[in-house]
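Let's take a walk through this model, starting with a pair of helices and working outward from there. Keep the viewer open as you read.

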Amino acid sequence: VFDRLHVNRPGTLGPSGGLGHGVVLTECVLNPPASRQHMAELLFETYGTPHVAMGADVSFAYAWNVHKGIASPSGVAVGMGHASTVLVPFLGGVPQYRNCTRIGVCGLGLTTHLQRTLELRHGKALNRKDHPLSAFNVAERIKHDICRVARDYAKELGDIQARAKKATPTPAAMPTQTEADTERKRQRLNANGDGNGIACGIEDRNGSGRGAGTPPPSPTTTTTTTEPAAAVPVVPGSVEDVYGPGVYDMAAAVERIQIPEIYFQPGMAGIDQMGLTEAVMQVGTAAGFEQGSSSLGGGYGSVLLTGGSSLYPGIRDRLARELRAECVVGTKVAVP
């Protein structure tokens, strides 16, 4: 990677021929020492960097927000990354890696789950022949543009189902068994006889002597014409504009709130782990965060969300609401 980025070009070399600047390297939480040792040897011996700083990206993000005055020195950093979600508690600005935890809900998993859900509904229509990852890209775009976190998942789910039920047209009443038998008998009587069937010349109730081969008078039918619906304008840059019209209809679909809800209820996606709220409470309890009005805010007053999934609308309000329900009355809870 360094060779491709040309970090060892003549303008960046130091007096000794190595890199004239240090390197900051982010890594996952609890990275094995062997991996760190191999990377350090590569940077020092091959590239001659004067110094290297290694650390978890979630810790660097929390330290920067503390420096800017957004977060408090004691709190919880939640890194909602692409491959996993990591929670690291901080006490006095020092990360407590012994009490950190990790859950398997991640951005990649949510995109994959949304793709499978759409394929169950639309089949393989989302896959384009010219691009093998078109369905995955559509799911990723939907997740970024439309999905949001529900404040009350059960209530909003009921509202969506009620709207869908109201919008579904009521099917016509099906005939009863007696009516169906009568209709079949009438059709047999009205069929053209060939000598082996029912005899012709059956009189009807009015005595008109209409034969079995004579079709009944057709009732008067009225034809109504409906004007075509006006075309809905396509927003430039939207999924319909990029992948064509009719790809999906997510305006009132349940997936827009169901996919982000996996962070709070991992069991919906078959993940047997605790949700985001339970993980924050477990990390805070392990780190010794106090609760109540005498805790001076404790660590629950600074729960920082970082990563791409932290951009879901409503996720901060939802997490703060559930944390207040779990903590003792009077505990200061804030999700900046």
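Start with α4 and α5, which cross in a right-handed sense. Bear in mind throughout that this is a predicted model. Two packed helices are described by the angle between their axes and the distance between the axes. For α4 and α5, the axes come within 9 Å and cross at roughly 110 degrees. An angle of 65 to 115 degrees counts as roughly perpendicular, so that is the label for α4 and α5.

Who does the touching? On the α4 side you'll find Gly 107, Leu 108, Leu 110, Thr 111, Thr 112, Leu 114, Gln 115, Leu 118 and Glu 119. Across from them, α5 brings Ala 135, Phe 136, Ala 139, Glu 140, Ile 142 and Lys 143. Sort the residues of this contact by class and you get 8 nonpolar, 4 polar and 3 charged.

Now pull back to the whole protein. Its secondary structure comes to 11 helices and 7 strands. Of the 336 residues, 33% are buried. Take the contacts between residues at least 6 apart in sequence: 61% of them join residues at least 24 apart.

Next, the interior. The largest nonpolar core holds 37 residues, and Val 78 and Leu 319 have the most contacts inside it. Which elements supply at least two residues each to this core? They are β3 (75-80), α4 (107-122), α5 (134-145), α10 (276-287), β7 (303-306) and α11 (315-326). So the helix pair we began with turns up again here, with both α4 and α5 on that list. The biggest giver is α10, with 6 residues. There is also a second, separate core of 11 residues, with Ala 71, Val 86, Val 88 and Leu 304 among them.

Zoom in on Leu 319, one of the two best-connected residues inside the largest core. Setting aside its neighbours within four places in sequence, Leu 319 is in contact with Phe 264, Leu 276, Thr 277, Val 303, Leu 305 and Val 335.

That brings us to a second helix pair, α10 and α11. Their axes come within 10 Å and cross at roughly 55 degrees, which makes α10 oblique to α11. As for handedness, α10 passes α11 in a right-handed crossing. The contact is built from Leu 276, Thr 277, Val 280 and Met 281 of α10, together with Leu 319, Glu 322, Leu 323 and Glu 326 of α11. By class, that gives 5 nonpolar, 1 polar and 2 charged residues.

Stay on α11 for a moment, where Ala 320 also lies. Is Ala 320 buried or exposed? The cut-off for buried is under 20% relative accessible area, and Ala 320 comes in at 7%, so it counts as buried. Not counting residues up to four places away in sequence, Ala 320 touches Val 333 and Val 335. Val 333 is 13 residues from Ala 320 along the chain, and their C-alpha atoms are separated by 6.5 Å. Val 335 is a contact of Leu 319 as well.

Two last stops take us to residues with higher accessibility cut-offs in play. Leu 311 sits in the loop between β7 and α11. Exposed means over 50% relative accessible area, and at 69% Leu 311 counts as exposed. Its C-alpha is 8.6 Å from that of His 144, although Leu 311 and His 144 are 167 residues apart in sequence.

Finally, go to helix α1 (residues 2-5), which contains Asp 3. With a relative accessible area of 49%, Asp 3 is partly exposed. From Asp 3 to Tyr 47 you travel 44 residues in sequence, and the C-alpha to C-alpha distance in space is 9.9 Å.

Methods:
Residues numbered from 1 in each chain as written. Predicted model: local features only at pLDDT ≥ 70, side-chain atom pairs only at ≥ 80, totals over all residues. Heavy atoms only, no water. Core = buried A, V, L, I, M, F, W, Y, C linked by side-chain atoms within 4.5 Å. Buried < 20%, exposed > 50% of the residue type's maximum accessible area, 1.4 Å probe, protein only. Helix = DSSP H or I, 4+ residues; strand = E, 2+ residues; numbered from the N terminus. Contact = heavy atoms within 4.5 Å. Axes fitted to C-alpha atoms, helices over the stretch in contact; angles between N-to-C directions. Parallel < 35°, antiparallel > 145°, perpendicular 65-115°, else oblique. Left-handed = near helix turned anticlockwise from the far one by under 90°. Nonpolar A, V, L, I, M, F, W, Y, C, P; charged D, E, K, R; others polar.
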